[in-house]
Amino acid sequence: MKRQFLLYLFILSLLMNVFTYMYFSRKEASTQNKYTTLSKKFNDSIQTINNRVGEADYFSLEYNNRAQNYLAASDLDYSALAPKIKEDLLEFNSDPEGNKYVDQSKIGDQKFIINKIKILNHRWIIADYSNGSLWGEVLLMYLVQPDATIKFETISTYLYSQDLN
């Protein structure tokens, strides 16, 4: 009886070892497969995001070589010019009547000011403006004068209706 008990115990331990070995070997393969799948998915997502950023930055002074060359031909450094343009345009927000380049007059106590600016190339800027309850967008043209001042001109402006979110 003792012999049979030891034989059953041996067979049981052998089966447990086989099942344990199979479990961990398949678990490793499964984990490796999941890792490979996730890695491929993440790489695809990163590539998609990079493509979208590239498309979004197509109209941007930082990535527009032709506009940079145009400015360089005028002895202007675009990396130093971009912050100056933004600062100069935002200075008009301090006017008590609001920024004059948004082409919107003050409504009550709320003046229209420019919030965000994107320099598209060596001539154009698109900007977002609001008075706290109404929002709009404006397309501006800028020119760098020989005395290094910047002249702005409003090309077009659009004020969204209050019903839209």
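These are my notebook entries on a glutamine, its aromatic neighbours and a pocket in a predicted model.

**Ground rules.** I number residues from 1 along each chain as its sequence is written, and I use heavy atoms for side-chain values, leaving out hydrogens and water. Because the model is predicted, I accept local features only at pLDDT of at least 70 and side-chain atom pairs only at pLDDT 80 or more, while totals for chains, interfaces and linings use all residues.

**Glutamine 104.** I looked up its exposure and found glutamine 104 partly exposed, at a relative accessible area of 23% (buried is under 20%, exposed over 50%, partly exposed in between, with a 1.4 Å probe and protein chains only). Leaving aside residues up to four places away in sequence, I listed Phe112, Tyr129, Thr157 and Leu159 as what glutamine 104 touches, contact being heavy atoms within 4.5 Å. I also checked the C-alpha atoms of glutamine 104 and serine 161, which are separated by 13 Å although the residues lie 57 apart along the chain.

**Aromatic pairs.** I counted seven aromatic pairs, where rings of Phe, Tyr and Trp (its six-membered ring) pair if their centres lie within 6.5 Å, with planes under 30 degrees apart called stacked, over 60 edge-to-face and the rest tilted. Tyrosine 58 and phenylalanine 59 form an edge-to-face pair, 5.0 Å centre to centre with 90° between the planes. The rings of phenylalanine 112 and tyrosine 129 are also edge-to-face, because their planes stand at 75°, with centres 5.8 Å apart. Both phenylalanine 112 and tyrosine 129 are buried, whereas tyrosine 58 is exposed at 54%. I noted, too, that ring pairs link Phe92, Tyr101 and Phe152 into a cluster.
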